[in-house]
Amino acid sequence: MTGAGGSDGWRERAARLPSLAPQRLELRRETCALLVVDLQYMDAHRDHGLGQALRESHPDLWGYYYGRIEKTVLPTTRRLLDAFRSFGGRVLYLTLGPALADGSDMVPLRRPEVAPGLTAAFHHQGTFEHGILPEVAPAPGELVVNKTSRGAFASTALEHVLRNMGVETLVVAGVSTSSCVESTAREAADRGFGVVIVEDATAEFDEESHEASLCQFAVRWGRVWTCDETLRALADTPSTAGR
């Protein structure tokens, strides 16, 4: 099946590599949750935060990245949200940014004085830029967990929350593929959760990096499916589909 980027290259590469991921993955409605990662104004809107900076410094990447978010990631994430909400499934959101205005609670390596390139994406809770995009905004009763690191498990009580909810498998959407999405997905797999990254609900600055992350995750950690594949698995649970 051809992905949203128009290429099956990463799947072909994955098929040539040893399969080191778990051979079975159960995607059961009552024990899975949709995790929406960092779809905030500060990094997922072309006119705010990181978008403003990229437009000046890397206009080609800016056009590709935000074009993919607008045309593919947001509509696909909306489909996933509608599906999970239709059967009463768990939906959780992640946001990235310090809680304190001075940023002193943020991981030091992500602070602007250490990593100046992150200045445009450094916005604390309560600011406009920290907010989640309205196209995929949380519904009442859906939990938002704020993190101060790329991988959510490193700086939040997400694992504790998921265990309390009885979640065993995560379906992951959001940005960016090679950073917060992949870091969180790998951390989840290392903690024993089944993980599905939805390829057409994720985006990276360039297609090569996006596909490299998907390839290695499929080979080593869990599953990478399209939205259509994910929704079919949810409709026919439990699923033991392949990569």
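Is P116 buried or exposed?

## P116 and its surroundings

In this predicted model, P116 is exposed, because its relative accessible area is 57% and the cut-off for that class is over 50%. P116 belongs to the loop that runs between β2 (90-96) and β3 (143-147). Along the chain P116 and D228 are 112 residues apart, and their C-alpha atoms are separated by 39 Å.

## Cysteines

The structure contains 0 disulfides. For C227, which takes part in no disulfide, the nearest cysteine sulfur is that of C32, at 13 Å, whereas a disulfide would require the two sulfur atoms to lie within 2.5 Å.

Two cysteines can also be described by their accessibility. C227 has a relative accessibility of 0% and therefore counts as buried, and C180, with a relative accessible area of 5%, is buried as well; the limit for this class is under 20%.

## The largest pocket

The largest pocket encloses about 290 Å³ of space, and its lining is made up of 16 residues, with L50, L118, S176, S179 and F205 lying nearest the centre. Two elements, α2 (41-44) and α6 (177-190), are those that contribute two or more residues to the lining of this pocket.

Sorted by class, the residues lining the largest pocket comprise 9 that are nonpolar, 5 that are charged and 2 that are polar.

Notes: Residues numbered from 1 in each chain as written. Predicted model: local features only at pLDDT ≥ 70, side-chain atom pairs only at ≥ 80, totals over all residues. Heavy atoms only, no water. Buried < 20%, exposed > 50% of the residue type's maximum accessible area, 1.4 Å probe, protein only. 1 Å grid on protein atoms, 1.4 Å probe; cavity = no way out; pocket = protein on both sides within 12 Å on 5 of 7 lines; lining within 4 Å. Points joined across faces, edges and corners; volume = space filled by probe spheres on them. Helix = DSSP H or I, 4+ residues; strand = E, 2+ residues; numbered from the N terminus. Nonpolar A, V, L, I, M, F, W, Y, C, P; charged D, E, K, R; others polar.
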